[in-house]
Amino acid sequence: MGSPVDARAENAWLRSYPFWDAYFAIVLIATIITIVVDDGAPVAVLLLLLITVSYALWGRRAVRAPVAPTKEGWWHAAATIVLFTVADLLAPQSAVALSALIPMTFMALRRARAVAVTVAMFAGPAIQLMTENGSHPLLIGVAIVVGLSASTLLGVFIDRLGRQNTERARLIAELDRTREELAEVSKEAGMLAERERLAGDIHDTLAQGFASIVMLLQAAGDGHDPYVRRAMETARENLSETRALIAALAPPALEGASLEEALGRLAKGFELPVEVSVAGATDVPALVAETLVRAAQEGLANVRKHARARSVRLALEHVPGPAVRMSIADDGCGFAPSAGGDGYGLRAMRNRVARLGGTVRIIGSPGQGTTLAVELPCSG
């Protein structure tokens, strides 16, 4: 199966020469008809048909190749020289085929070698003129030079057009790649805008509602009443969950701040004590920094919801490669990662990190706490 680059190059070739195969076939058919009508040399016709077979086997692939010359181009050139020379010696009308064979030679080979092959193909008609017509050698030479010059100019034009097609294929490939990247960026921007809208809606409805419930229960209820106390605890828990959800949906706190400062803000606003450590220093691409902040948000949210921990340690380390590694370790109840437990948040984190060529690992065991480790390359 061909590569996407080869496919794009062949598509560019087809756009530039949409009717080449038809042109080649028409020229060969016209040459064969001319031979048959004139003297009907069957061997010459057979040799021209063999050129068609050579084109089908090697020539067609050679003229469409993104880089010339190919081994198929040499095979086809050698076969064409031999077959055409013999056919022209048997039937001079075969020279009509040069109007297709010469352009094809410049498509399949580099310019200097294509000129050499063209000279070789002109040898047959030259010998034919000198042996049969008895023309003056100077006139024959002039005719050959004029024909060769015209063919070379045509070949140079075709060669230049082919180079332009190759450059066009490269530009089209870059355009397609840029279009895909823009589509991905647009999708990400749309997702972030939607998440921000949801965060605002949740803040204005659920969070405000739970806060109001807590205030009303504090104002109206007896703190010793078990039902009131339970209702207040439930309202506070749900308010805390809602605020964590808002934090996870909101954009990363990277506006005007470095990655280290953004992680420090997250740690400062967390319910539990978070020890933050940074080792090394290097520039981190914006997309990598945003992904790490998102991962830290998700990791801290999981600690708060599941770990029953007393403290958390967040470590950021710049390692050779270059790469950046972040770990979030808690002293909570822990769990066995092999037992599963990947929720939506962790799956989304893994996908986001994997898109940037990074890895996510969860290390832990029951009763020994849990460590979330994220590593991302900093190149690009």
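**Close-up 1. The largest nonpolar core of the predicted model.** This core holds 35 residues in the predicted model. Those with the most contacts inside the core are F24, I35, L48, I51, L101, M104 and M121. Five elements each give two or more residues to this core: helix 2 (20–38), helix 3 (42–64), helix 4, helix 5 (98–108) and helix 6 (111–133). In soluble globular proteins, nonpolar side chains tend to be buried together.

**Close-up 2. The surroundings of F24.** F24 ranks among the residues with the most contacts inside the largest core. Neighbours within four places in sequence are set aside here. F24 then touches I51, T52, Y55, A100, L101 and M104.

**Close-up 3. Another nonpolar core.** Apart from the largest core lies another, of 32 residues. Its members include L292, V293, A295 and V360.

**Close-up 4. A nonpolar patch on the surface.** V43, V82, V86 and L90 make this patch, which covers about 320 Å². Helix 4 (residues 71–90) supplies the largest share, three residues. L90 sits in helix 4. Its relative accessible area is 43%, so L90 counts as partly exposed.

**Close-up 5. The whole chain, for context.** The protein chain has 380 residues, and 37% of them count as buried. Eleven helices and five strands are present in the chain. Among contacts with a separation of 6 or more, 70% join residues 24 or more positions apart. The accessible surface comes to about 21,200 Å². Carbon and sulfur atoms account for 63% of that surface.

Methods:
Residues numbered from 1 in each chain as written. Predicted model: local features only at pLDDT ≥ 70, side-chain atom pairs only at ≥ 80, totals over all residues. Heavy atoms only, no water. Patch = residues over 30% accessible without salt bridge, like charges linked within 9 Å, V, L, I, M, F, W, Y side chains within 5 Å. Areas by Shrake-Rupley, 256 points an atom, 1.4 Å probe, with all protein chains shown as cover. Salt bridge = Lys/Arg side-chain N within 4 Å of Asp/Glu carboxyl O. Helix = DSSP H or I, 4+ residues; strand = E, 2+ residues; numbered from the N terminus. Buried < 20%, exposed > 50% of the residue type's maximum accessible area, 1.4 Å probe, protein only. Core = buried A, V, L, I, M, F, W, Y, C linked by side-chain atoms within 4.5 Å. Contact = heavy atoms within 4.5 Å.
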